[in-house]
Structure formats: C-alpha cells, structure tokens
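Subject: Handover of a structure and its findings

Dear colleague,

Please find below the structure that I am handing over to you. My findings follow it, arranged by topic.

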Amino acid sequence: MTVRTSTGEIPYLLFYGTEAVIPTEVEIPSLRIIQEAELSDAEWIRNRYEQLALIDGKRMNTVCHSQLYYNRMARAFNKKVRSRQFTLGQLVLKQIFPHQDEAKGKFSPSWQGPYMVYRVLTGGALILIEMDGEIWPKTINSDAVKRYYV
C-alpha cells in the first residue's frame, strides 16, 4: 500500500512506521499477523479454536433470531388472513386487477362474472368455469374471488 504525498508515492511503512493491515486481518489474524505477534503454535491453535467457536456461537444466535423473526412475521400475517371455503358449483365473482385488460379506468367495475367453481385445489386455489361451460384457463387464488348471491 502506498500513500500519496507532495514528494510522490512512498510505501505505507516508511510514512507511518508500520505495515498496513486490513480490518479482516485484525478480526481473524492471518499468518503475517501471527508471525509479527510471535505466538507459539499451541497458542495460535488455541486462539484460532476460540475464534471459530465464537463464530459458531454468533451463527447460532443469528439462526435463532431469524427463526423467531420469521415466526413473528408469520403470526402477524396469519392474523389478517380470512379462511375461505368454496364448494363445487358455487357461484363466485372474480376480481379484476389493474394490470388486466379488463381494467379500463377507475370507474370501471372491480369484479367480473359470475363463474362457477369447477375444482377446488389445495392451498386455496380454484379452477373456475364460465356460465356457458368454458373452463377458465388459469387457476385463481381464493383471495381474488368472492361469493355471488343470486
């Protein structure tokens, strides 16, 4: 590493009187740092083992923290979820999303249909059939439909 001064570039050692050390080497010593500290092999092995054990402990804390965070987020999400049960042949309306071609503007209808539930899949997915008997080509999430009452 060199330092730029008015007299040009000179080595870091000459300017500051010590070798340049990157922050990673301070945290996890490299062979150069160990040689400068003049540690014995046994001391170095013991220090290295302690550092690795500390890293494993931090890793375990991180895993536990992320699992707790995930559980809290899942609980918060599940509080807002409404369970919807649909049966075969039930009449429903399908929501029109803004990115669909049917969405013409803010005064256009938000729902289209009615459709009949043709099949109920696991996880809340539905296959719909139009009133004329044509099966809808895509599955739809039960969150995007609502019951239609005649």
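How many aromatic pairs does the count come to? The count comes to one aromatic pair, where rings of Phe, Tyr and Trp (for Trp, its six-membered ring) pair if their centres lie within 6.5 Å. The partners are Tyr 115 and Trp 136, whose rings lie 5.3 Å apart from centre to centre, with 70 degrees between the planes, which makes the pair edge-to-face; planes over 60 degrees apart earn that label, those under 30 count as stacked and the rest as tilted. The pair links distant parts of the chain, since Tyr 115 belongs to strand S4 and Trp 136 to the loop between S5 and S6, 21 residues apart.

Before the remaining findings, a word on the basis of the values. This is a predicted model, in which local features need pLDDT of at least 70 and side-chain atom pairs count only at pLDDT 80 or more, while totals for chains, interfaces and linings use all residues. Residues are numbered from 1 along each chain as its sequence is written, and side-chain values use heavy atoms, with hydrogens and water left out.

Overall layout

The chain contains four helices and seven strands; these are DSSP runs numbered from the N terminus, with helices (H or I) of at least four residues and strands (E) of at least two. Along the sequence they follow the pattern β-β-α-α-α-α-β-β-β-β-β. Of the 150 residues, 17% count as buried, meaning under 20% relative accessible area, whereas exposed means over 50% and partly exposed lies in between (1.4 Å probe, protein chains only). The chain exposes about 12300 Å², and carbon and sulfur atoms supply 58% of that area, as computed by the Shrake-Rupley method with a 1.4 Å probe. Among contacts (heavy atoms within 4.5 Å) between residues at least 6 apart in sequence, 36% join residues at least 24 apart.

The sheet

Five strands form an open, antiparallel sheet in the order S6-S5-S4-S3-S7, where two strands pair if DSSP finds at least two bridges between them. Its edge strands are S6 (140-141) and S7 (145-147), each of which pairs on one side only. Antiparallel strands S4 and S5 are joined by five bridges, and S3 and S4, also antiparallel, by four. Tyr 115 has Glu 130 as its bridge partner in S5, and Val 92 stands opposite Tyr 115 in S4. Further along the S4 and S5 pairing, Arg 119 has Ile 127 as its bridge partner in S5. The hairpin of these two strands has four residues between them, and there Gly 123 takes a positive phi near 80 degrees.

The nonpolar core

Which residues make up the largest nonpolar core? The ten are Phe 86, Val 92, Tyr 115, Val 117, Leu 126, Leu 128, Trp 136, Ile 140, Ala 144 and Val 145. Strands S4 (111-120) and S5 (125-130) each supply at least two of these residues. Such a core is a set of buried Ala, Val, Leu, Ile, Met, Phe, Trp, Tyr and Cys residues joined through side-chain atoms within 4.5 Å. Tyr 115 counts as buried at 5% relative accessibility. Leaving aside residues up to four places away in sequence, Ile 140 touches Lys 94, Gly 124, Ala 125, Leu 126, Leu 128 and Val 145.

The loop between H4 and S3

Gln 90 is found in the loop between H4 and strand S3 (91-95) and counts as buried, at 11% relative accessibility. Beyond four places in sequence, Gln 90 touches Gln 85, Tyr 115, Met 116, Val 117 and Arg 147. Arg 84 lies in this loop between H4 and S3 but is partly exposed, with a relative accessible area of 27%. Arg 84 and Lys 146 are 62 residues apart in sequence, yet their C-alpha atoms are 8.9 Å apart in space.

The salt bridge

A search of the whole structure finds one salt bridge, that is, a side-chain nitrogen of Lys or Arg within 4 Å of a carboxyl oxygen of Asp or Glu. Arg 46 forms it with Glu 50, the closest N and O atoms being 3.3 Å apart. Because the two are four residues apart in helix H4 (residues 41-80), about one helical turn separates Arg 46 from Glu 50. Arg 46 is partly exposed, with a relative accessible area of 44%, and Glu 50 is partly exposed with a value of 44%.

Yours sincerely
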